[in-house]
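Reader: I'd like a close look at one part of this model, strand by strand if you can. Here it is.

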Amino acid sequence: MAETDKDDLINILEEEFNQEDIPESMPMMPVRDVVIFTDMLLPLFVGRDKSIKAIEASVNVNNFVFLATQKDPVSEEPGKKEIYTVGTVAKVLRILKLPDGKVKALVQGVTKGEITDYISETPYFEVKIDLIEDIEIEDFDMEIEALVRNIKEQSEKILGLRGELTNDIKAVFDSIDDPSKLADLVASNLQLKIDEAQSLLEERDVKARLKKVNDYLMKEVELSVVQAKIQSDVRDEISKTQKDYYLREQMRAIHKELGESDDKLEEIEDYKKKIKKAKMPKNVQKEADKQLKRFEQMNSDSSEAGVIRTYLDWLVELPWAKYSKDSIDIKKAAEELDKRHYGLEKIKERILEYLSVKKLNPDSKSPILCFAGPPGVGKTSLGQAVARAMNRKFHRVSLGGIRDEAEIRGHRRTYIGAMPGRIIQGIKDCGSKNPVFMLDEIDKLGSDFRGDPSSALLEALDPEQNFEFSDHYLNLPFDLSKVMFILTANMTDTIPSALLDRMEIIELSGYTPEEKEEISKNYLIPRQKKDCGIKEDQLVISDNALKKIITEYTAEAGVRNLEREIGAITRKSARIIIEENKDSIRVNSSNLSKFLGIPKFQPEMDKEESQIGLSTGLAWTEVGGEVLYIEASILPGKGEVQITGQIGEVMQESARAALSYAKSKLELMDEDENFFENRDIHIHVPAGAIPKDGPSAGIAMATALISAIIEKPVKNDVAMTGEITLRGRVLPIGGLKEKALGALRGGIKTIIFPEKNRKELSEVPKNVKRKIEFIPVATIEQVLEIAISEEIFKQKTTKKAGKK
């Protein structure tokens with residue numbers, strides 16, 4: 001709606017243009033979204049090239065321009081047929097060029113005119129016009145006077161309802177005596193459609209135009225009254241706490257006045273359809289209907305309504321009766337597992353067993369499998385392969401660092417921002433009631449004052465209970481018995497025993513160098529080439545180079561770092577191919593350092609020769625098996641014992657047991673029984689920044705200590721693992737396979753292990769047993785005969801026998 005102030009309007013009404021000054025032809029500018037009436041003063045923002053040129057050309061015809069409204073406001077280049085023929089001759093009062101290239105023109109309507117001919121259409125429209133004379137009122141009778149008075153009163157009423165009526169505007173209305181000018185002034189300020197405004201402009205009969213304006217004005221008054229009533233009703237209804245919802249209440253009142261349907265009723269009907277479609281169990285549907293009835297009785301903008309709306313959304317979106325159709329093809333599943341994973345025969349066999357049982361008995365309970373092994377051995381990807389083989393959805397949740405029980409069971413709805421736990425969220429995301437659900441890093445769960453997440457998992461992972469899993473947010477039972485849970489862990493030691501009891505542990509020990517080589521050739525190198533856009537024949541990595549990468553640039557049980565090193569080679573190769581335009585690159589053991597730098601690890605032990613008081617133990621960590629060096633020194637002193645290397649309580653106890661054993665054998669070692677009174681003992685485990693614990697280093701500590709006492713070196717290619725007792729017995733340990741793989745990476749030739757672990761030797765890969773000699777022992781005496789020079793030990797034994 002065009003706005004004018006009092007002075008401008010009065011000046012317009014008082015100013016008379018001599019029609020003889022108006023030329024017969026002038027530039028024409030099509031305008032959109034507005035119809036220009038006579039005496040109307042308004043600014044126009046001109047952006048089209050033709051229109052700008054028309055405004056500029058008006059200077060040549062005493063600043064006159066013909067303004068005609070285009071029929072389609074969207075059209076950027078309207079033709080002659082798209083422009084109304086009746087328009088308004090206007091005077092361009094001011095032109096202002098804007099920085100963006102547009103023009104702002106202040107124009108004033110002078111008189112009506114009609115296009116009789118188009119003189120030219122480029123570079124702007126130039127038209128010939130005839131001026132239109134109004135049919136003046138000959139007899140100013142009572143009807144005309146009533147129309148004029150009514151139009152003034154109704155105009156003031158509308159402005160009063162809107163709060164826009166001022167004394168200045170009243171003065172403007174009082175100053176108008178000409179009915180034609182009054183009709184044009186009111187029409188120009190009414191919110192009319194283009195065709196309605198154009199019909200008023202084309203109406204030559206002033207009396208008829210007054211009647212039309214009066215009719216439009218009456219409609220506008222009715223709308224303004226309704227609008228004022230709506231605003232009044234809304235203002236009365238809302239309270240101080242509901243001011244933020246003013247616009248919504250206003251829209252609702254508008255819909256009510258127009259007789260349109262209420263959004264809330266539509267929302268309730270939508271929920272009813274969704275509840276029926278979800279096929280919920282009876283108890284769940286009963287709760288959903290109950291909550292929906294509560295929602296109907298509430299103000300939809302209240303905070304409680306928002307809580308119920310969110311709760312209903314969760315209920316209708318959960319897959320209460322949706323299942324993925326299992327496609328169990330054992331051969332296809334075996335191919336899928338072999339396609340993406342090399343080796344791991346035991347794990348693949350267990351997965352195929354489960355699929356076979358599932359095919360014979362579809363209603364069988366899903367097992368809770370736990371893949372335990374170091375990083376990078378393929379635990380997560382195995383879970384994805386199982387899902388692909390069964391044609392099920394896959395969802396992974398990382399549990400590392402979770403300390404809040406609500407992360408598993410959900411928050412109660414009394415809390416702001418409450419939501420279900422990770423399990424129910426995952427089920428909803430999958431849209432299926434029987435996905436493969438992976439709980440990653442189960443061994444890294446924490447607990448604090450907010451609860452124990454591992455205890456919350458007991459119900460979800462127990463096949464005897466999880467058919468009625470209760471999430472705190474839903475507060476309704478949900479059947480998880482069809483979900484196949486797969487858990488992963490680096491170590492099982494930190495998993496609570498109650499939780500561990502519900503799992504079937506499948507250990508992934510790691511890969512041998514030969515297996516890593518095959519994995520690199522079949523999986524890692526092709527994948528990295530594809531990621532870098534390198535063709536098969538553009539990069540060749542020799543077998544020797546690959547072996548060197550495995551032994552000298554990585555030291556891990558898995559293949560994660562190995563893939564990173566291969567990725568570094570492919571990226572550097574891609575750069576060489578682009579910068580030097582090489583067709584192909586060959587990486588061998590001699591030029592490998594150009595791609596990866598100097599070797600990070602030595603394949604053999606870092607000792608050049610066997611040393612006194614230095615033994616080699618084997619440790620089992622969350623990243624696989626590793627070689628562990630133990631040093632012992634005998635120093636002049638007062639019989640003090642010092643144990644360093646950030647070792648735990650169990651390992652310290654092993655060191656004290658080893659010391660007690662050595663003291664008990666002093667006579668057999670041909671040493672004085674007061675040997676330790678004037679000597680200090682220092683036992684150290686290098687890599688002091690890394691915490692270490694466990695009993696399996698007992699025999700290694702005893703060997704290092706006895707080596708220091710008798711001053712005979714321990715063989716540098718012999719590693720040992722086993723728990724020691726005060727009487728010299730060697731007790732069984734765990735993780736023999738992992739420790740064997742770690743020994744192989746460390747260049748060990750012989751492993752001494754407890755006799756009671758002999759049965760586990762069958763799980764050690766054959767190629768490892770070919771390269772390493774495994775010797776079972778039952779006592780520490782056997783360990784010493786193997787680890788320390790046998791002849792020297794016999795000499796000591798002979799001396800010892802002579803004394804007896």
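In what sense do E7 and strand E12 (residues 484-489) pair, and over how many bridges?

Author: Quick groundwork: this is a predicted model, where local features need pLDDT of at least 70, side-chain atom pairs count only at pLDDT 80 or more, and totals for chains, interfaces and linings use all residues. Residues are numbered from 1 along each chain as its sequence is written, and side-chain values use heavy atoms, with hydrogens and water left out.

E7 and E12 pair in the parallel sense, over four bridges. (Strands are DSSP runs labelled E of at least two residues, helices are H or I runs of at least four, both numbered from the N terminus; pairing takes at least two DSSP bridges between two strands.) In that pairing, Leu-369 sits opposite Ile-486 of E12. E7 also runs parallel to strand E13 (residues 504-507), joined by four bridges, and there Phe-371 faces Ile-506.

Now the side chains of E7 (residues 369-372): Leu-369 and Phe-371 point one way, Cys-370 and Ala-372 the other, and all are buried, meaning under 20% relative accessible area with a 1.4 Å probe, protein chains only.

Cys-370 is among the residues that Ile-442 touches, along with Leu-457, Leu-487 and Met-503, leaving aside residues up to four places away in sequence; contact means heavy atoms within 4.5 Å. Ile-442 and Leu-457 touch the most other members of the largest nonpolar core, which has 50 residues. Such a core is a set of buried Ala, Val, Leu, Ile, Met, Phe, Trp, Tyr and Cys residues joined through side-chain atoms within 4.5 Å. E12 is one of the elements giving two or more residues to this core, while H11 gives the most, seven.
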